[in-house]
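Visitor: Could you take me through the nonpolar interior of this protein, with a close look at how its members pack? I would also like to see the setting around it.

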Amino acid sequence: MALTPDGPVSDLGPIAITDRVSLGPRGPEVTRLGLGCAPLGNLYSALTDDDALATVAAAWDAGVRYFDTAPLYGHGLSERRLGAALAGRPRHEFVVSTKVGRLIRPAAGPVDTIFSVPHDVEPVWDFSRDGVLRSIAESLERLGLDRIDVAFVHDPDDHEAQALDETFPALCALRDEGVIGAVGVGMNQWEMPLRFVDRVDLDVVLLAGRCTLLDRSAVDSLLPACVARSVGVVLGGVFNSGVLAAADPRSATYDYASAGPDVLSAVERLRAICARHDTTLPAAALQFALRAPGATAVVVGARHPDEIRADIAWATTSIPHDLWTDLPS
């Protein structure tokens with residue numbers, strides 16, 4: 001992806017993060033910035049119910065009306081906390097997306113998880129038609145909602161055939177019945193979603209970590225295909241799970257694992273370029289995703305009101321045009 005004055009990333013003035021955009025022709029309208037709710041499920045470390053509620057409230061007060069969650073996040077905790085935080089708010093004003101592919105079931109033994117939660121339940125893979133129906137019903141109960149606005153097939157990396165044969169047809173039928181509003185796929189890779197875009201009647205793709213300052217592998221592949229087929233694109237993982245936003249990258253994660261020396265060196269080079277332009281690296285990273293051609297919306301995670309406020313400040317700060325030229329392509 002060439003970062004040139006006339007290229008795909010340019011200084012277009014302040015980004016209106018609360019503007020509404022459609023997730024495909026049939027999809028709901030979402031704000032350009034959404035709240036990713038994995039941290040509300042105690043990602044890496046626990047937070048209190050009060051902090052979770054306050055984080056959603058801070059996003060709401062700033063005009064954010066799109067919230068993305070999943071049964072996996074905190075093994076149901078994120079959905080329950082998000083539902084509690086949205087209870088009583090006008091239903092027509094917000095959009096919630098969740099995911100299918102894992103059911104939360106009683107744990108058979110110790111649970112290997114990145115979520116700081118009790119080990120009495122665990123996520124169990126299930127991409128069957130019946131699994132989809134159970135997953136949607138259980139998500140509706142945890143969220144306290146009567147409909148799901150967007151349902152993503154979550155990480156079907158090792159289940160591609162079943163996703164095509166059972167999962168997507170089940171979701172498309174639920175969309176036809178009005179139980180869900182839109183059908184999508186959410187993954188950390190771009191190759192399989194590209195095949196799904198070609199073969200499935202998708203509304204939207206949620207792509208994590210592959211359209212960032214550290215990894216642009218989807219920019220010239222998946223994103224143009226989505227544009228050509230009028231499929232919405234939600235970008236997540238714009239900080240590659242933390243390393244592009246951390247004050248000390250050495251203690252941060254890259255794609256949910258410890259950042260290696262090559263990643264840390266790349267981050268320091270990016271940070272130095274941003275500093276020469278009086279810009280912070282997190283601001284450049286977030287706006288790179290927001291300004292990517294074909295990107296409909298971006299979701300960012302937060303576990304405290306101050307974090308979502310920082311995200312909003314990074315998304316709306318003015319960035320010198322020359323910065324995009326100086327960043328490595």
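Guide: Happy to; here is a walk from the overall fold into the core and then to a few residues of interest. A word on the ground rules: this is a predicted model, in which local features need pLDDT of at least 70, side-chain atom pairs count only at pLDDT 80 or more, and totals for chains, interfaces and linings use all residues. Residues are numbered from 1 along each chain as its sequence is written, and side-chain values use heavy atoms, with hydrogens and water left out.

The protein has 10 helices and 14 strands (DSSP runs numbered from the N terminus: H or I of at least four residues for helices, E of at least two for strands). Its C-alpha trace spans about 55 × 40 × 40 Å along the principal axes. Of the 329 residues, 58% count as buried, meaning under 20% relative accessible area with a 1.4 Å probe and protein chains only. Contacts, defined as heavy atoms within 4.5 Å, reach far along the chain: among those with a separation of 6 or more, 73% join residues 24 or more positions apart.

Now to the core itself. A nonpolar core here is a set of buried Ala, Val, Leu, Ile, Met, Phe, Trp, Tyr and Cys residues joined through side-chain atoms within 4.5 Å. The largest one has 91 residues, and F67, I136, L171, F196 and L235 touch the most other members. Helix 8 (residues 281-290) gives the most to this core, with eight residues. Zooming in on I136, and leaving out residues up to four places away in sequence, you will find it touching V100, I148, A151, L171, L174, V179 and I180. Another core, of 12 residues, lies apart from the largest one and includes V30, Y66, F152 and V299. As background, nonpolar side chains tend to be buried together in soluble globular proteins.

Not every buried residue is nonpolar, though: R175, in helix 4 (residues 160-177), is buried at 11% relative accessibility. Beyond its neighbours within four places in sequence, R175 is in contact with R26, I180, G181, A182, V183, D201 and D203.

Finally, the cysteines. There are zero disulfides, a disulfide being a pair of cysteine sulfur atoms within 2.5 Å. For C172, the nearest cysteine sulfur, that of C226, is 15 Å away; C172 is buried, at 14% relative accessible area. C274 is also in no disulfide, with the sulfur of C211 the nearest at 16 Å, and C274 is buried at 0% relative accessibility.

Key
Buried < 20%, exposed > 50% of the residue type's maximum accessible area, 1.4 Å probe, protein only.
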